[in-house]
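Student: Could you take me slowly through one part of this molecule, and then help me place that part within the whole? I would like to follow the reasoning at each step.

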Amino acid sequence: MIPGSNMWDERKVTQVFTLEVGRRILDCPIARTNEDKIIWGHHSTGTYTTRTGQHWLLEKENLRSRESSLWKVIAKLPVLPKIRIFGWRLGRGALPVGHKIRATGMGEGICRLCGNYVETVLHAVRECTSVQEILSESGMVNLLPQGPFRDCMERLDASQTLLASEQFSFLIVLLWNIWNRRNRWIHTNQLIPARLVSEYAQLVHGDFQKSNENVVNRVTCARGKKWMKPEQGQVKINVDGAWLAANRTVAIGVIARDHHGLMIDGCAKMVEGAHTAETVEVCAFEAGVRMAMDNGWDRVILEGDALSIVNRLRNGDQDCSVAATFLEETREALRTHTGFTVQHVARDANRAAHELAQTCFRTLADFSFIFDVPDSISSIVIHDAIFSDCMHLSI
Ligand SMILES: [Zn+2]
């Protein structure tokens with residue numbers, strides 16, 4: 001490190017270490033603190049709890065991340081909400097099949113469709129001969145991954161990896177229909193033919209896809225994905241940080257606008273020192289706060305699209321992450337300026353600040369401006385100002 005600073009001595013690091021190791025060292029942000037203390041490195045609070053300990057152990061086995069990515073896919077499936085819930089229950093093996101009911105002392109647990117095997121979740125939606133017929137009718141039978149699998153979650157995860165997203169959402173709709181057919185047979189003794197189950201699943205899936213496309217097109221700008229003007233007397237400052245891993249270049253963009261949507265101050269500049277994608281967002285917020293203080297504004301909304309930083313600025317008294325040590329100055333400013341608020345915004349609504357940072361990358365120069373919108377963002381600023389008041393307008 002350069003003595004008395006929080007910057008790496010780049011020349012010394014590259015002299016002492018190999019190119020690769022040196023690059024990794026230079027990529028490490030240096031916290032703005034001189035006090036060392038012991039912290040639990042697997043949670044941003046730095047405090048060890050059994051919960052975070054267990055989370056870390058699961059992460060270690062790569063189970064947690066695998067599961068959570070599967071749940072994220074299921075949660076976003078373009079299907080009816082009740083079918084998404086069915087997908088989650090299926091992955092968890094949380095369906096009231098024969099062998100589970102038998103465990104409570106009720107029934108034999110044998111499949112009521114084929115009458116030959118104990119009914120597990122896997123049997124009910126995949127292995128039963130009655131189900132195989134439906135999978136074959138739908139054309140899915142040869143597309144599904146072959147085992148062995150430890151559980152339903154693993155099987156579903158493999159299907160999700162193997163299939164295209166539309167095929168996977170159809171699979172979940174189909175399995176939902178298979179499960180409903182099984183229930184109907186048990187409760188009313190009516191067995192829907194395999195061909196009809198397959199056709200109905202295709203109908204449900206196709207109809208939902210079409211209606212979903214229309215809805216998405218209609219409400220694009222009503223979902224908070226567009227910039228909103230502040231109230232009269234308030235200033236809104238949008239901030240964004242950009243980080244080019246290839247050459248470790250970091251830039252920030254900051255733009256302040258009034259209640260008409262007119263730009264009243266702005267800057268874009270390169271940032272020195274080692275940074276991560278997260279710490280550069282901190283620098284952007286820091287620059288936004290400084291701009292507000294320099295101008296003497298007292299009612300300010302600071303807006304950025306880095307959710308983790310917004311959350312840390314709003315809460316996070318106990319926060320030992322690297323980003324948190326960079327946040328101290330901004331936190332202190334927010335404590336003393338009660339008219340300053342911080343809020344998260346969708347990336348689409350933060351395009352002006354984003355584009356400013358990108359312009360900085362392209363020109364490799366710092367620039368600041370007042371009342372004179374740079375060409376690179378003029379169309380975005382005009383668009384934001386015009387469309388800010390029309391929550392239901394289509395674009
Ligand atoms: Zn069966």
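Tutor: Let us begin at the end of a helix, keeping in mind that this is a predicted model. Helix α8 is followed by Gly139, a residue whose phi is positive, near 85 degrees. Stepping back into helix α8 itself, which covers residues 129–138, we find that Val131, Ile134, Leu135 and Ser138 are buried. When one looks down the axis of α8, these buried residues fall within an arc of 100 degrees, so they line one face of the helix. The general reason is that an α-helix has 3.6 residues a turn, so residues three or four places apart point the same way.

A second place to look is where two other helices pack. Helix α5 (residues 81–92) and helix α10 (residues 165–188) have their axes 10 Å apart and pack at an angle of about 80 degrees; since angles from 65 to 115 degrees count as roughly perpendicular, α5 and α10 are therefore roughly perpendicular to each other. From α5, the residues Ile83, Phe86, Gly87 and Leu90 meet Ile172, Val173, Leu175, Trp176 and Trp179 of α10. Sorted by class, this contact of α5 with α10 has eight nonpolar residues, one polar residue and no charged ones.

As for the whole, the secondary structure of the protein chain comes to 16 helices and six strands, and 30% of its 395 residues count as buried. Finally, if we take the contacts in the protein chain between residues at least 6 apart in sequence, 65% of them join residues at least 24 apart.

How values were computed. Residues numbered from 1 in each chain as written. Predicted model: local features only at pLDDT ≥ 70, side-chain atom pairs only at ≥ 80, totals over all residues. Axes fitted to C-alpha atoms, helices over the stretch in contact; angles between N-to-C directions. Helix = DSSP H or I, 4+ residues; strand = E, 2+ residues; numbered from the N terminus. Parallel < 35°, antiparallel > 145°, perpendicular 65-115°, else oblique. Contact = placed C-beta atoms within 7 Å. Nonpolar A, V, L, I, M, F, W, Y, C, P; charged D, E, K, R; others polar. Buried ≥ 20, exposed ≤ 12 C-beta atoms within 10 Å, placed from the backbone. Arc of directions from axis to C-beta.
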